[in-house]
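Open the model in your viewer and show it as a cartoon with side chains available. This tour goes from one selection to the next and says what is found at each stop.

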Amino acid sequence: MNQITAMNIARNIMVNKTIGVEIECYVPRATRRELNQALARVVDYNQENWNTNTRSYWKGITDGSLGARTPNGYEGAEFISPPLKARDLFDQLEAVLKVLNDFGAKVRKSCGFHVHCDAKGFTPK
């Protein structure tokens, strides 16, 4: 499935549902403060200590599970969206990914991109 097909499914089938994402990556330790400020300029965002709480805003936490192969000068991080409608999620995700790219975030095979879909009312069929 390509990106356009996935976006169309999300926008048409998930129209009244919410979707959330988690982005695992490595970010430069030296510019983490500036990265957090840049994210706060493009989305509702807060840096937090590690927790599993669902928020109404994007949150950034440290991701220790990425530690074994962390590039020198980087730290494992996870950026977690709030549950959003598909259109809002795609717009905000584009802005967040641009900031991460601009600050030199890196991914490796150990990183993940997790998607959480509201499945209320869905059946196995």
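Is C25 buried or exposed? The model is a predicted one, so keep that in mind as you select C25. C25 counts as buried because its relative accessibility is 2%, and the cut-off for buried is under 20%.

**Stop 1: the two cysteines**

Keep C25 on screen and add C111. C111 is also buried, with a relative accessible area of 17%. How far is C25 from the nearest cysteine sulfur? That sulfur belongs to C111 and is 6.6 Å away. A disulfide needs the two sulfur atoms within 2.5 Å, so a pair at 6.6 Å does not count. C111 is likewise in no disulfide, and the structure as a whole holds zero disulfides.

**Stop 2: the largest nonpolar core**

Next select W58, F79 and L100. These are the residues with the most contacts inside the largest nonpolar core, which has 21 residues. Now colour the elements that give two or more residues to this core: β1 (19-28), α2 (32-42), β4 (74-80) and α3 (86-102). Which of them gives the most? The answer is α3, with six residues. In soluble globular proteins, nonpolar side chains tend to be buried together.

Stay with L100 and show what surrounds it. Leaving aside neighbours within four places in sequence, L100 is in contact with I23, C25, V27, L35, F79 and A105. C25, from the previous stop, is therefore one of the contacts of L100, by the 4.5 Å limit for heavy atoms.

**Stop 3: V96 and V42**

Select V96, which lies in helix α3. V96 counts as buried, at 1% relative accessibility. Not counting residues up to four places away in sequence, V96 touches I23, L39, V43 and W58. Measure in the viewer from V96 to A38: their C-alpha atoms are 9.0 Å apart in space, while the two residues are 58 apart in sequence.

Move to V42, found in helix α2. Is V42 buried or partly exposed? V42 counts as partly exposed, because its relative accessibility is 40%. Apart from residues up to four places away in sequence, V42 touches A95 and V99. Its C-alpha atom is separated by 10.0 Å from that of L93, 51 residues apart along the chain.

**Stop 4: the second largest pocket**

Switch to a surface view and select E22, T54, I80, S81 and H116. Of the 20 residues that line the second largest pocket, these are the closest to its centre. The pocket has a volume of about 280 Å³. Rolling a probe the size of a water molecule over the atoms shows where empty space is left.

Which strands each supply at least two residues of this lining? They are β1, β3 (58-62), β4 and β5 (113-117). The largest share, four residues, comes from β1. Colour the lining by residue type and it divides into eight nonpolar, eight polar and four charged residues.

**Stop 5: a loop residue**

Finish at G67. Where is G67 placed? G67 is in the loop between β3 and β4. At 43% relative accessibility, G67 counts as partly exposed. Add S110 to the selection: G67 and S110 are 43 residues apart in sequence, and their C-alpha atoms are 9.5 Å apart in space.

Notes:
Residues are numbered from 1 along each chain as its sequence is written. This is a predicted model: local features need pLDDT of at least 70, side-chain atom pairs count only at pLDDT 80 or more; totals for chains, interfaces and linings use all residues. Side-chain values use heavy atoms; hydrogens and water are left out. A nonpolar core is a set of buried Ala, Val, Leu, Ile, Met, Phe, Trp, Tyr and Cys residues joined through side-chain atoms within 4.5 Å. Buried means under 20% relative accessible area, exposed over 50%, partly exposed in between (1.4 Å probe, protein chains only). On a 1 Å grid over the protein atoms alone, a cavity is a set of points where a 1.4 Å probe fits but cannot get out, and a pocket is an open set with protein on both sides within 12 Å along at least five of seven lines; lining residues have an atom within 4 Å of a point. Grid points are joined across faces, edges and corners, and a volume is the space filled by probe spheres set on the points. Ala, Val, Leu, Ile, Met, Phe, Trp, Tyr, Cys and Pro count as nonpolar, Asp, Glu, Lys and Arg as charged, and the others, Gly among them, as polar.
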